[in-house]
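The exercises below each set a task on the structure shown and then work through a solution in steps. Please try each task on the coordinates before reading on.

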Amino acid sequence: MKVYLTRRYRFSASHRLHSDAMSDTENAATYGKCNNPHGHGHNYTVEITVSGSVDEKTGMACNLVDLDDAVHRQILDRFDLQNLNKAAEFAAQVPTTENLCRLIYDILQRTFHHAHLEMVRIEETMLNSFAYAGGEEALR
Amino acid sequence: MVYLTRKAEFSASHYYNNPEFTPEENRRIFGKCNNPHGHGHNYTLEVTVKGNVDPRSGFVVDLKQLKEILTREVLDAMDHRFLNKEVPEFFSRIPTTENLAIAIWQRLAPKLKAAQLHRVRVYETPDLFVDFYGEA
């Protein structure tokens, strides 16, 4: 039977929203306080949802050890306590949480094969959250 | 169609072990969860039902009835219990959060009359939850 398993992780990072495709005036108007040249930070919460059939022998759709290991190595080690603008992945795109969502989805899609990746959801603050399901309609 | 979600909490203990595995395999696959004395969690259950709003009552489902079904079918059976030893589904199945969500669905689905069960979500901790939509 198919179940969906969601695990929540946390990391903290700084970023500055600024697009080279816009003038300084446009950047200031578009990103407001987020355009501050010195950057600012967030405590991000990342929810990873995977799905699969429950293995009768283990009772599991996905062994959490495998998921934790992949998320720690691929995501948290890469972004925790870093400046997102300095990450190679954001050399050519603005580190909005929309783009971060898609990036984390793509990294896990490429590297995690123990269960089917359904969705990445990121809470940037307690008031803002973003979700990406690989271009599909998100569940729920 | 309106979706309605009711929460409930229960606390229970469990451990993971498959008698078909060797003790070494059980320890390797299940790690600390293989401790035969068990360990416990405060589970949060979210049950979502869906249905059309009854024009006379304005309800999708009578919450009092839903609460009674939840209490009788799930909480009375699982709250403050050792799942492996006291809940029949887990005499032969491992009481993972996945199997718990499926077992709760199977207990509730036949009991709901007016509304249709949409989703069972079980939080084992605030950072880990499983959703089951009744899919094969």
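**Exercise 1. Determine what backbone conformation B:Gly31 takes, and then work out how the helix before B:Gly31 is oriented.**

Solution. The model is a predicted one, and the reading starts just after helix α1 of chain B, where B:Gly31 takes a positive phi of about 60°. Step one is to go back into the helix, which spans residues 23–30, and to list its buried members, namely B:Asn26, B:Ile29 and B:Phe30. Step two is to look down the axis of α1(B): the buried residues fall within an arc of 80°, so they line one face of the helix. Step three is to inspect the other side of α1(B), where B:Glu24 and B:Arg28 are exposed, each with over 50% relative accessible area.

**Exercise 2. Identify the residues with the most contacts inside the largest nonpolar core, and find where B:Phe30 belongs.**

Solution. The largest nonpolar core has 68 residues, and those with the most contacts inside it are A:Ile48, A:Phe79, A:Ile104, B:Phe10 and B:Ile104. A second, separate core consists of six residues, and B:Phe30 is one of them, as are A:Met60, B:Tyr16 and B:Ile94. To see the surroundings of one member of the largest core, take A:Phe79, whose contacts beyond four places in sequence include A:Phe11, A:Leu84, A:Phe90, A:Leu100 and A:Ile104. The rings give a further view of A:Phe79, since ring pairs link this residue with A:Phe11 and A:Tyr44 into a cluster.

**Exercise 3. Classify the aromatic pair formed by B:Tyr123 and B:Phe129.**

Solution. Over all chains the structure holds ten aromatic pairs. For B:Tyr123 and B:Phe129, the ring centres are 4.7 Å apart and the planes make an angle of 45°. Planes under 30 degrees apart would count as stacked and those over 60 as edge-to-face, so the remaining range is called tilted, and this pair is accordingly tilted. Finally, checking the surroundings of the two rings shows that both B:Tyr123 and B:Phe129 are buried.

**Exercise 4. Describe the overall make-up of chain B.**

Solution. Begin with the secondary structure: chain B has five helices and five strands, which follow the pattern β-α-β-α-β-α-α-α-β-β along the sequence. Next, consider the extent, for which the C-alpha atoms fill a box of roughly 60 × 30 × 25 Å along the principal axes. Then turn to burial, where 52% of the 136 residues of chain B are buried, while the chain exposes about 7,200 Å², with carbon and sulfur atoms supplying 50% of that area. Last, among contacts in chain B with a separation of 6 or more, 68% join residues 24 or more positions apart.

Methods
Residues numbered from 1 in each chain as written. Chains lettered and ligands numbered in written order. Predicted model: local features only at pLDDT ≥ 70, side-chain atom pairs only at ≥ 80, totals over all residues. Heavy atoms only, no water. Core = buried A, V, L, I, M, F, W, Y, C linked by side-chain atoms within 4.5 Å. Buried < 20%, exposed > 50% of the residue type's maximum accessible area, 1.4 Å probe, protein only. Contact = heavy atoms within 4.5 Å. Helix = DSSP H or I, 4+ residues; strand = E, 2+ residues; numbered from the N terminus. Arc of directions from axis to C-beta. Phe/Tyr/Trp six-rings, centres within 6.5 Å; stacked < 30°, edge-to-face > 60°. Areas by Shrake-Rupley, 256 points an atom, 1.4 Å probe, with all protein chains shown as cover.
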